[in-house]
Amino acid sequence: MAKAVALVAASFLILLLAFPTVFATDYVVGGPSGWVIGPDYGIWAENFKFKVNDTLTFKYEASLHQVDEVSKSDYINCNSNHSIKNYKGGNNKITLSKPGSYFFLCPTPRHCQLGMKLALNVS
């Protein structure tokens with residue numbers, strides 16, 4: 001009997017630990033258009049409630065764009081000189097690993113000023 005109880009308890013614990021991962025969502029930034037000049041990424045982000053362990057997939061033409069994760073100040077000023085992390089290659093999956101604000105922009109000259117930037121909050 002004690003073994004059965006221990007087995008049930010262990011199974012329940014495994015389910016609890018896996019719970020956040022099981023319900024994580026992958027968001028393709030910009031939807032079908034991907035990471036390009038044109039969409040309003042602020043409006044795009046308003047359509048979702050981002051949670052810890054969700055992922056953002058940035059799909060873009062690698063010869064034209066990149067993705068920089070930046071501070072709020074650098075986001076506001078379209079400054080990629082001090083990026084937290086730079087992503088290249090045209091297909092990047094970024095895990096939202098903690099609650100808080102995240103800021104992304106395209107470091108290609110003038111692309112951020114043309115709207116290629118994304119701010120979002122994770123709960």
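User: Which residue stands opposite F103 in β7?

Analyst: That's A119. Keep in mind that we're reading a predicted model here. To see where that pair belongs, look at the strands around it: β6 and β7 pair in the antiparallel sense, over six bridges.

User: Okay, so what is the strand order in the open sheet, and how many strands has it?

Analyst: Follow the pairings from one strand to the next. You get four strands in the order β4-β3-β6-β7, with antiparallel pairing.

User: Which strands stand at the edges?

Analyst: Look for strands with a single partner. Here those are β4 and β7, so one side of each has no neighbour in the sheet. As for twist, neighbouring strands are turned by 20 degrees against each other on average, ignoring direction.

User: Now the cysteines. How many disulfides does the structure hold, and which residues form one?

Analyst: The way to read this is by sulfur distance, with 2.5 Å as the cut-off. The structure holds one disulfide. C78 and C112 form it, with their sulfur atoms 2.1 Å apart.

User: Is that disulfide left-handed or right-handed?

Analyst: Check the torsion about the S-S bond. For C78 and C112 it comes to about -70 degrees, which makes the disulfide left-handed.

User: And where do C78 and C112 lie?

Analyst: Both are in loops: C78 between α3 (72-76) and β4 (85-87), C112 between β6 (100-105) and β7 (117-122). The pair therefore ties together parts that are 34 residues apart in sequence. C112 counts as buried, at 4% relative accessibility.

User: Why is there no bond from C106 to the closest cysteine sulfur?

Analyst: Same reading, by distance. The closest cysteine sulfur to that of C106 is in C112, and at 8.4 Å it is too far for a bond. C106 is buried too, with a relative accessible area of 2%.

User: One last residue: is N92 buried or exposed?

Analyst: Compare its relative accessible area with the cut-off for buried, which is under 20%. N92 has 8%, so it is buried. You'll find N92 in strand β5, residues 91-95.

User: What does the side chain of N92 make a polar contact with?

Analyst: Its partner is the side chain of Y60, at 2.5 Å. For the wider surroundings, set aside the neighbours within four places in sequence: N92 is then in contact with L56, T57, F58, Y60, V67 and Y87. So Y60 turns up both as the polar partner and in the contact list.

Terms used:
Residues are numbered from 1 along each chain as its sequence is written. This is a predicted model: local features need pLDDT of at least 70, side-chain atom pairs count only at pLDDT 80 or more; totals for chains, interfaces and linings use all residues. Side-chain values use heavy atoms; hydrogens and water are left out. Helices (H or I, at least four residues) and strands (E, at least two) are DSSP runs, numbered from the N terminus. Buried means under 20% relative accessible area, exposed over 50%, partly exposed in between (1.4 Å probe, protein chains only). Two strands pair if DSSP finds at least two bridges between them. Axes are lines fitted to C-alpha atoms, for helices over the stretch in contact, and angles run from 0 to 180 degrees between N-to-C directions. A polar contact is a pair of N or O atoms within 3.5 Å; within protein, one must be able to donate a hydrogen and the other to accept it, and residues adjacent in sequence count only if both atoms are side-chain atoms. Contact means heavy atoms within 4.5 Å.
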